[in-house]
Amino acid sequence: MASSLMKTLIRSSKLALGTRNLSLVPNQVGNHTAKWMQDTSMKSPMELINEVPPIKVEGRIVACEGDNDPALGHPIEFICLDLKEPAVCKYCGLRYVQDHHH
């Protein structure tokens with residue numbers, strides 16, 4: 001009895017894995033994006049993050065965590081500031097520039 005139940009469970013789990021319909025994922029992403037684009041009175045998340053001025057840093061490398069509270073941030077990202085244009089964090093989009101005191 002238990003072995004036939006186990007075989008049935010294994011067979012049904014294999015069928016479920018093999019028959020996933022991933023074609024719905026692009027539609028779900030498109031619908032989510034469309035919701036953001038419908039209300040033109042609200043700014044998109046990228047527009048909001050671009051309003052934050054670049055953060056000036058004295059050193060050559062900055063460690064970005066996204067927020068002072070680790071529960072609200074992202075994995076630590078070390079960013080090199082050797083270029084003249086602001087360096088952008090790949091997780092949160094914050095921009096950093098090296099503050100030259102010369």
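**Salt bridges in the predicted model**

In this predicted model, three salt bridges are counted when a side-chain nitrogen of Lys or Arg is required to lie within 4 Å of a carboxyl oxygen of Asp or Glu.

One of these pairs is formed by the side chains of Lys43 and Glu51, for which the N to O distance is 2.2 Å. Lys43 is partly exposed, with a relative accessibility of 41%, and Glu51 likewise counts as partly exposed, its relative accessibility being 46%.

A further salt bridge joins Asp82 to Arg60, with 2.8 Å between the closest N and O atoms. This contact links distant parts of the chain, since Asp82 belongs to the loop between β3 (77-80) and β4 (87-88), whereas Arg60 is located in the loop between β1 (55-57) and β2 (61-64), at a separation of 22 residues. For Asp82 the relative accessible area amounts to 45%, and the residue is therefore classed as partly exposed.

Strand β3 itself takes part in a salt bridge through Glu77, whose side chain meets that of Lys90 at an N to O distance of 3.9 Å. Here too distant parts of the chain are linked, with Lys90 lying in the loop between β4 and β5 (95-98) and Glu77 in strand β3, 13 residues apart. The two partners fall into opposite accessibility classes: Lys90, at 61% relative accessibility, is exposed because its value is over 50%, whereas Glu77, at 17%, is buried because its value is under 20%.

Terms used: Residues are numbered from 1 along each chain as its sequence is written. This is a predicted model: local features need pLDDT of at least 70, side-chain atom pairs count only at pLDDT 80 or more; totals for chains, interfaces and linings use all residues. Side-chain values use heavy atoms; hydrogens and water are left out. Buried means under 20% relative accessible area, exposed over 50%, partly exposed in between (1.4 Å probe, protein chains only). Helices (H or I, at least four residues) and strands (E, at least two) are DSSP runs, numbered from the N terminus.
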